[in-house]
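Student: I should like to study the structure shown below by means of questions. May we proceed through it step by step?

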Amino acid sequence: MAEPGFTLIDDGQAVEVAYGDGVERAGHAQRAGRPVALDLDERAAYLGVPASARAAALASLEAPDFTLPGLDGRPHTLSAHRGTKVLLVAYASW
Amino acid sequence: MWQAIQEELRGFGFTVVTVALDRSPEDARPWIEAAKPTHPSLIDTRHLVADLYNVVNVPTIVWIDARGRIVRPNDVAFGTDTFKHITGLEAAKHLGALRAWVRGEAQPLAEARTRALQSLPTETDQRARAEFGLGQWLVERGRAEAAARHFERAGELAPHDFTIRRGTMPMRGIDPMGPTFREMLGAWTKAGNPYYRPLPE
């Protein structure tokens, strides 16, 4: 039987690694102060962004940039609107 | 909901950008198709914007000036009075302030005041978002039961974060308008916590 794999979701990107490597890297990320969600049964870990980094970015008042798709799937980047005022609205169907 | 103000102010160097914190584009589609927006109307199934801006409920609005700087931090505002009978929040106050700022008739908040009004994430909030992120990835992989454990853990870590507690209900097969939500909301408000936290000014 092949060695079971492990998925690390880091910065939104899922990468496949060996099980031992994955567990080790999740532990390392946690010791480095990153928020980590781990599921050994599912052989996956999500490595998040520390509050200190998010808080510093927000406190700088530079609007954090992002790229997301519309309904048509085409990506759209917030900073493409530099030069105009933006009302950013987060909403949901729920 | 926001198309009217987009249309009204588009000649003033202004645009609305909406982001749906929804399970799938299909969940957001009816809303977007009904609104017929001419502004960017984006889908954020992984709650990236919630993570970047510390969004804990919807709707949340942020004003960003032409230099790309936040000039009004996270606030609660509606584009219309459709839900006023439930929320008690009137659209007009925010829309009036928005108009004045966009037209250059009023200055936005000073930087120091903007910072003072920001709510910044804690380490526990970010742990909750990591649990959400793992759960959302598991949902994408068809691992609903495993995902539910992480969503529950996320909700325990950040009980004030309704993008997690309510926003994951559709992913868990729970009606986000149904009895489970009403029970959650009842317990939350009975304990003295507001569901919406509009800025004081």
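Student: How many helices and strands does chain B have?

Tutor: This is a predicted model, in which local features need pLDDT of at least 70, side-chain atom pairs count only at pLDDT 80 or more, and totals for chains, interfaces and linings use all residues. Residues are numbered from 1 along each chain as its sequence is written, and chains are lettered from A and ligands numbered from 1 in the order in which they are written. Helices (H or I, at least four residues) and strands (E, at least two) are DSSP runs, numbered from the N terminus. On that basis, chain B has ten helices and four strands.

Student: Why is chain B described as being as compact as a globular protein of its length?

Tutor: The radius of gyration is taken over C-alpha atoms, and the globule rule is 2.2 Å times the number of residues to the power 0.38. For the 201 residues of chain B the rule gives 17 Å, and chain B is as compact as a globular protein of that length because its radius of gyration is close to this, at 17 Å.

Student: Which domains make up chain B, and what distance separates their centres?

Tutor: The bounds come from an automatic or database domain assignment, which divides chain B into domain 1 (3-117) and domain 2 (123-190). Eleven residues of domain 1 of chain B are in contact with eleven residues of domain 2 of chain B, where contact requires C-beta atoms, placed from the backbone, within 7 Å. Taken over C-alpha atoms, the centres of domain 1 and domain 2 of chain B are separated by 24 Å.

Student: In what order do the elements of chain A run?

Tutor: Chain A has two helices and seven strands. From the N terminus on, their order in chain A is β-β-α-β-β-α-β-β-β.

Student: Is chain A compact or more spread out, judged by the globule rule?

Tutor: The C-alpha atoms of chain A fill a box of roughly 55 × 35 × 25 Å along the principal axes. For 94 residues the globule rule gives 12 Å, and the radius of gyration of chain A, 18 Å, is well over that, so chain A, set against a compact globule, is more spread out.

Student: Which element gives the largest share of the side of chain B that touches chain A?

Tutor: In total, 71 residues of chain B are in contact with 45 residues of chain A. The largest share of that side of chain B, eleven residues, belongs to helix α7 (residues 123-140) of chain B.

Student: Which strand of chain B is joined to strand β7 of chain A?

Tutor: Two strands pair if DSSP finds at least two bridges between them. Here five bridges are found, and the strands run antiparallel. Ala90(A) stands opposite Thr60(B). The partner of β7 (residues 85-91) of chain A is strand β3 (residues 60-64) of chain B.

Student: Which element gives the most residues to the largest nonpolar core?

Tutor: A nonpolar core is a set of buried Ala, Val, Leu, Ile, Met, Phe, Trp, Tyr and Cys residues joined through C-beta atoms within 7 Å; a residue is buried if 20 or more other C-beta atoms lie within 10 Å of its own, with C-beta atoms placed from the backbone. The largest core has 43 residues, and those touching the most other members include Leu88(A) and Val19(B). The element that gives the most to this core, with six residues, is β7(A).

Terms used:
Contact = placed C-beta atoms within 7 Å. Buried ≥ 20, exposed ≤ 12 C-beta atoms within 10 Å, placed from the backbone.
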